[in-house]
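Here's a quick tour of a structure, one region at a time. Have the viewer open and follow along.

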Amino acid sequence: MQVLFLLEQVVNGLVLGGYYLLIALGLSLIFSVGGVVNLAHGAFYALGAYVSLEIAQRLGFGAGVALSPVAVALLGIAFERFILRRFYTADPILSLLVTFGLALVAEQAIRIAWGAAPLPASMPQAFKGAVVLGDFLFSKYRLFLLAVVATVLAGIWLLLNKTSFGRVVRAGIQRPDMVAALGIRLQPYMTTIVMLGVGMAALGGALFAPIVIVHPAMGAEILTVAFVVVVIGGLGSFWGVVLAALLVGVVRGITTHFVPAASEASMYLLMFLVLMFRPRGLLGERIEKFE
Amino acid sequence: MTNRRDILKAGTAGALALGFPAIVRAQSAAIKIGHLTPMTGFLGALGVYAVKGIQIAAEEINAAGGVMGRRLDVMSEDSVNPATASTKAQRMFEQDKVDVLMGEINSASAKTIMQVADRNKRLFMQIGARSDVLRGKDCNRYTFHVDIPVTVMVNAAGQALAREGYIKGKKIYFLTSDYLFGHDLAKAAKAFCAANGGTVVGDELTATDTTDFSPFLLKIRQAKPDLVATNLGGNQVTNFVKQYAEFGLPFQVAGFNLNTADAWAAGDGNLAGIWPTVWHHELDTPGTQAFVAKFRKIHGQPPENHAWIEYVSLKVMAQAMNETKSVDTEKLIKYFESGAQFDLLKKRNGYFRAWDHQMIQEAYPFTVKPKGQAKDKWDFLKFGAAVPAPDQPLESINPPKSANACVL
């Protein structure tokens, strides 16, 4: 029986990992291509949640989840063109400062626009409740969430590995100078990557709004987790981030089973252990321009 | 063209605008109230209501001619965290020369401000923090506490739960926030369960920044308790409530701490169970209804319990200053300790207990209205009868002297 309970936590952890993945993957992509650690990534997650609620009030839950990422991704284009672009070749400390500042501005802007009090958010009645598959209990809503994450993940993987767009991006990560020498401007690719990353974060916000509290500082909360996932997975590695997100979810579940008080600390411990033995992260590639 | 003269003119105008009100204030010798409350962080949403509440009280008092003919001047600032709170408290006494300090919601920040008040031998009215130890072993003679302590919250919800048969002979599963306030709450809740014949079958600690409760919900499902009782704080309450509804577990749920704002943030149809509160906008007294109407007119929504408590606290302070004709700390302490009665907009008046400086007042349990009965998005809580019952002394839900380590 004990083993079964543990297994249930492992499976639940895998679902939870999907939850972190949407945020972490975008963060990792933006870092890999542009060399910028986007500390404002959480702000787009928060905006995604707020905008989705705003849309949902008028057009319903489905429209909120579908349109909010599009709207925020458009904002992401402006963010890349007017701010991020200036910092690709600059000292990393500058991009850290500017994105950190932007995160604060965004949080305060949300507070001004929507108020400091958390906004109420509910899922449609049909998603409420759990289904029992075999011996395992799943929340219906999280199964839906998992399906969305898997679809997005497959889409991004195909885009990066099966299209000419993806080839240029992957080449740009490793040898930007070579790509330039071949006469390809990386900038439009970078704009697209930032747009995708920001859109994924907003999708995360829109999807999580019914299950976590929607308040101005929600972006800062998720950013820490996303950052830990990226570091564990290894920069520049698609599957590294996927693996790390699932691992963090599973480790958290198992820790809650045995030492509940340490559940939030478990991912930091995991990060510590991984970095001790693999400083580049689990599947991190060697990227020359960062060395 | 802007020239130097224009800039000088603008500068002078600015200086006049900034400088003159200060002079005007000095002439009428306003009474300065230093007000610290969290406006950011995990309690920031509550602090925003606190500021709105105290502002309405100050406007009413000043419109009626102030206190002893002097204006009340409330300086509200973000207390941020315990360290900043204590620095700001010291600065308000020393540089801003405030007459009294008021405010706070965070128990840890309240504790550091209490130490500053004690060192300076000046009055601090601790309005919104609920930890038992503040009015227990950490109490001091310069601090008075308005909000109910956690023992009262546990008694308010617990008596309702016991009446409904959820305690005696039942298996109870606890989920507790892992910090000062949560531990305090769990201690009081365990004592209540033990005294009323309930068995605690599990008590899990959760970090204050827990956003995902799903692993805990799976453990609760395995334990199959009769009652899930939460000792959570701030955003945790909302996260838990949302996810409990998401998983749709069949066990009765209850909690020993909830602010109306946490319930509002949970969203339609998510909240269930029995919870305690210190005040609610549906309380049927003329005072409460007048305050609610006024707040609605200004802010377009009903006041949260932190708006109410700040409003009545400033009124309590003004009453004490008017009665003693003084802003002197010693005179005010003497007045508060005298058992003077205060109108808290509830059915029964409140008063400060002289030996631990706790405001003794009614508390209330509430449940959730059945679906479809809510008039608007603020209106889904079903407000219960006051505890203690009208024929019992108000003090009976507070910790007795034998169970309280406070020595003033």
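## An exposed lysine in chain B

Let's start with B:K137, which is exposed: 11 other C-beta atoms lie within 10 Å of its own, and the cut-off for exposed is 12 or fewer. Keep in mind that this is a predicted model.

Where does B:K137 sit? Look in the loop between β4 (124–126) and β5 (143–145) of chain B. If you skip the neighbours within four places in sequence, B:K137 is in contact with B:A405 and B:C406. For a sense of scale, take B:A245, which is 108 residues away along the chain: its C-alpha and that of B:K137 are separated by 38 Å.

## A parallel sheet in chain B

Next up is an open sheet of 4 strands in chain B, ordered β7-β6-β8-β9, with parallel pairing. Its edge strands are β7 (199–206) and β9 (252–255) of chain B, each of which pairs on one side only. From one strand to the next, the twist averages 20°. Helix α6 (residues 180–195) of chain B packs on this sheet, where it touches β6, β7 and β8 of chain B. The direction of α6(B) makes about 165° with that of β6(B).

Now zoom in on the pairing. β6 (residues 171–177) and β8 (residues 227–231) of chain B are joined in the parallel sense over 5 bridges, and β8(B) also runs parallel to β9(B), with 4 bridges between them. B:A229 of β8(B) is a handy landmark: it stands opposite B:F174, and its bridge partner in β9(B) is B:A254.

## Is β8(B) buried or exposed?

All the way along, β8(B) is buried: 5 of its 5 residues qualify, so the strand is largely enclosed by the rest of the structure. In a regular strand the side chains alternate between the two faces of the sheet. Here both faces are covered, with B:L227, B:A229 and B:N231 buried on one side and B:V228 and B:T230 buried on the other.

## Two domains in chain B

Zooming out, the domain assignment splits chain B into domain 1 (4–148 + 284–360) and domain 2 (151–277 + 363–403). Their C-alpha centres lie 29 Å apart. The contact between these domains takes 22 residues from domain 1 of chain B and 21 residues from domain 2 of chain B.

Which elements give two or more residues to the domain 1 side? They are α2 (44–63), α4 (107–120) and α11 (305–324) of chain B, and α2(B) gives the most, with 3 residues. By class, the domain 1 side of this contact has 11 nonpolar, 6 polar and 5 charged residues.

## Where the chains meet

The contact between chains A and B takes 31 residues from chain A and 37 residues from chain B. On the chain A side, α1 (2–34), β2 (136–139) and α10 (238–258) each supply at least two residues. Of the chain A elements, α1(A) gives the most, with 5 residues. The chain A side divides into 16 nonpolar, 10 polar and 5 charged residues.

## A helix in chain A

Last stop: helix α2 (residues 41–59) of chain A. Its 19 residues reach 26 Å from first C-alpha to last, close to the 27 Å expected at 1.5 Å a residue. Because 15 of those 19 residues are buried, α2(A) is largely enclosed by the rest of the structure. Just after α2(A) comes A:G60, which takes a positive phi of about 100°.

Note on methods. Residues are numbered from 1 along each chain as its sequence is written. Chains are lettered from A and ligands numbered from 1 in the order in which they are written. This is a predicted model: local features need pLDDT of at least 70, side-chain atom pairs count only at pLDDT 80 or more; totals for chains, interfaces and linings use all residues. The expected span of a helix is 1.5 Å times one less than its number of residues. A residue is buried if 20 or more other C-beta atoms lie within 10 Å of its own, exposed if 12 or fewer, and partly exposed in between; C-beta atoms are placed from the backbone. Two residues are in contact if their C-beta atoms, placed from the backbone, lie within 7 Å. Ala, Val, Leu, Ile, Met, Phe, Trp, Tyr, Cys and Pro count as nonpolar, Asp, Glu, Lys and Arg as charged, and the others, Gly among them, as polar. Domain bounds come from an automatic or database domain assignment. Two strands pair if DSSP finds at least two bridges between them. Axes are lines fitted to C-alpha atoms, for helices over the stretch in contact, and angles run from 0 to 180 degrees between N-to-C directions.
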